[in-house]
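Colleague: I would like a close look at one part of this model. Please take the sheet at the end of the chain, and set it in its context.

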Amino acid sequence: MLGSDQMSDRSYLQYLLALILFAFYSYLSMFGTAYFGDFGFTVTNYKYFISNPDSVYFWFANWVTLAAGWSVEALFSQYGMKIFIIACAAIYSVNFLLADAIVKLCFGKKYTVVVFLTSLFVLTGSSGYINRYSLTALFLNILLFFLAKYLFQGKREYLILAGFVGGVLCFVRIPNLAVISLCVVFFLGNDFKKGITDALFFIVSWVVGCCVVLLAIKLVGHYEYFILGLKVLIAKGKGVTENHNLFTMIERLLKDTLSAVALGGPFAIATFAVYSTLKGSTRLGLKKILTVAGFIVLATLIAYLAHRWLDLRFWHRYLFTGYILISGVVLLSITKNISFRIFIAALLIVSFVPMVGSANGLTRNIGGLWVLIPVVICKFLIPILSEENNFQVRYRKLVAGSILTLGILLWGIRIYPHLLYVAQCDVYDSKYTKQYDTEENVGKCQDELDKIGKFTSVGDSMITYEQSSMLYYLLDTVPYLHSPEPIFWGPQLQGVIDQVVGENLNLPIVVESVIDLKILGHEKNKETMHTFLSKNKYKLVWSNENFTVYLPK
């Protein structure tokens with residue numbers, strides 16, 4: 001039975017399951033494909049973080065992420081790019097151990113198998129390599145662990161550590177600044193003075209964490225690049241044509257939250273309504289059967305209408321996330337234990353942190369759910385060991401099992417494509433590279449890399465467009481326009497080109513990919529690059545159906 005002493009309280013079980021999770025996720029790294037997309041952009045930033053920071057300062061606002069990725073690259077690059085996926089596997093294994101420890105702190109008992117199952121379907125909807133989202137999840141869970149230690153054990157030093165980790169978290173990705181809002185949860189207790197004291201301790205510790213990272217940035221000599229990266233981020237937030245425009249992202253956050261509530265909320269409310277109906281029942285009468293059926297039918301109808309009206313592509317993510325969020329809100333409203341109430345409120349806030357500032361919205365929200373999902377499920381499991389054999393207890397068993405099953409089905413359905421698309425490659429051995437497109441676009445390209453490499457030397461400057469930034473990493477070339485994906489400059493691109501050309505006498509090699517020409521975000525940027533090639537009299541020196549190489553005359 002889930003949660004029983006015979007199973008989940010064994011001290012070694014969580015480590016065995018963590019090892020299984022790590023081994024399974026690391027196995028994905030053995031698939032022989034290279035990913036031309038965000039993965040290439042990310043690892044190129046890692047590669048030049050120390051050796052050539054000027055070439056990648058576009059992303060320097062995420063300084064802690066770059067430092068972590070560079071550490072992996074510096075220590076293990078001889079093993080190929082699979083190291084970035086293995087590092088992610090290690091992060092997710094640690095996340096599982098943290099979630100397991102947090103659940104034990106919440107309930108005074110381990111539910112290791114439940115946490116393992118929830119971890120499995122959380123990771124199937126998560127990033128597949130070490131990046132700002134996987135690291136955000138890690139730091140959030142460390143913060144929650146210290147916060148839980150403080151709330152359930154009463155030692156204030158853990159609150160200080162939680163605030164400190166929150167400060168560091170802000171430099172994993174700048175929108176994680178939203179984590180400072182956690183200070184409000186301390187006012188949910190009955191002692192207002194204690195709430196003020198706890199909030200101040202958290203805020204001061206958060207400031208100290210921020211200052212320590214800023215000091216590290218200064219000592220490494222990256223402060224100038226960090227400020228430049230921060231200015232880039234702010235400029236993108238102001239750009240009216242940007243998908244990272246501040247108001248566009250706020251609109252996306254609100255729309256995604258309301259969509260999740262509309263799809264999953266009715267089922268969560270129906271769950272608790274049915275639970276109240278069955279409270280204390282030892283037998284079901286016709287009236288109760290009709291009431292239960294009515295709640296289920298009404299919830300299904302509301303969710304169906306919401307789905308038809310919203311026309312969501314990833315409706316299953318919205319449904320499950322909305323269910324968990326509303327269940328958390330209900331638990332918050334009915335919980336009498338002050339420490340547990342504060343912690344539930346913290347989990348609800350944390351669930352939104354990865355979504356804030358993301359153009360992808362809910363699809364990046366997984367990192368905030370590592371702990372909330374098992375806590376919601378385990379709350380239903382608590383009375384299962386009760387000797388009462390009434391419908392209320394049976395119903396809780398049904399709900400807990402159904403949430404697990406539904407979650408695995410809804411998130412786990414991605415496992416197969418996850419094997420195909422998230423698993424990257426060992427470029428030192430692999431003879432295959434995969435474009436960011438359908439599976440049919442997988443083809444041999446080692447010969448293509450060899451041919452492009454004839455026109456470059458190690459350390460040469462290069463420009464690629466959006467989905468071909470992996471070429472920098474493969475060919476040991478350096479981004480010319482301060483970013484592996486210059487298209488991300490958006491409307492600022494022309495100004496960046498003018499500035500860099502004015503500062504450099506040597507013009508770069510330019511490599512176009514057919515997939516880049518199909519999906520460029522800004523038509524004006526495509527024109528800008530064509531103007532650049534024409535103005536500087538570039539000539540075509542090699543091409544095939546996938547790539548075109550230009551050199552200045």
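Modeller: What follows starts with the whole chain, moves to the sheet and its last two strands, and ends with one helix for contrast.

First, the confidence. This is a predicted model. The chain averages a pLDDT of 79, and 76% of the residues score at least 70. Over residues 1-9 the pLDDT is below 50, and this stretch has 19 contacts in the model beyond near neighbours in sequence. Residues 412-444 also stay under 50. The model gives them 92 contacts beyond four places in sequence.

Next, the overall build. The chain holds 22 helices and seven strands. It has 553 residues, of which 55% count as buried. Take the contacts between residues at least 6 apart in sequence: 73% of them join residues at least 24 apart. The accessible surface comes to about 24100 Å². Carbon and sulfur atoms account for 63% of that surface.

Now the sheet. Five strands form it, in the order E4-E3-E5-E7-E6. The sheet is open, and its pairing is mixed. E4 (478-479) and E6 stand at the edges. Each has a single partner strand, so one side of each is left without a neighbour in the sheet. In general, strands of a sheet pair through backbone hydrogen bonds, either parallel or antiparallel.

Look closely at E6 and E7. Strand E6 covers residues 538-543, and strand E7 covers residues 547-552. They pair in the antiparallel sense over five bridges. A hairpin of three residues joins E6 to E7. Two pairs show how the strands line up. Trp542 has Val549 of E7 as its bridge partner. Lys539 stands opposite Leu551 in E7. As a general rule, side chains in a regular strand alternate between the two faces of the sheet.

Finally, a helix for contrast. Helix H6 runs over residues 112-123. At 1.5 Å a residue, its 12 residues should span 16 Å. Its end C-alpha atoms are 16 Å apart, which agrees. Of the 12 residues, 10 are buried, so H6 is largely enclosed by the rest of the structure. Among the buried residues are Val113, Val114, Val115, Phe116, Phe121, Val122 and Leu123. Thr112, Thr118 and Ser119 are on that buried list too. In general, an α-helix has 3.6 residues a turn, so residues three or four places apart point the same way.

Methods: Residues numbered from 1 in each chain as written. Predicted model: local features only at pLDDT ≥ 70, side-chain atom pairs only at ≥ 80, totals over all residues. Heavy atoms only, no water. pLDDT = per-residue confidence, 0-100. Contact = heavy atoms within 4.5 Å. Helix = DSSP H or I, 4+ residues; strand = E, 2+ residues; numbered from the N terminus. Buried < 20%, exposed > 50% of the residue type's maximum accessible area, 1.4 Å probe, protein only. Areas by Shrake-Rupley, 256 points an atom, 1.4 Å probe, with all protein chains shown as cover. Pairing = 2+ DSSP bridges. Expected span 1.5 Å × (residues − 1).
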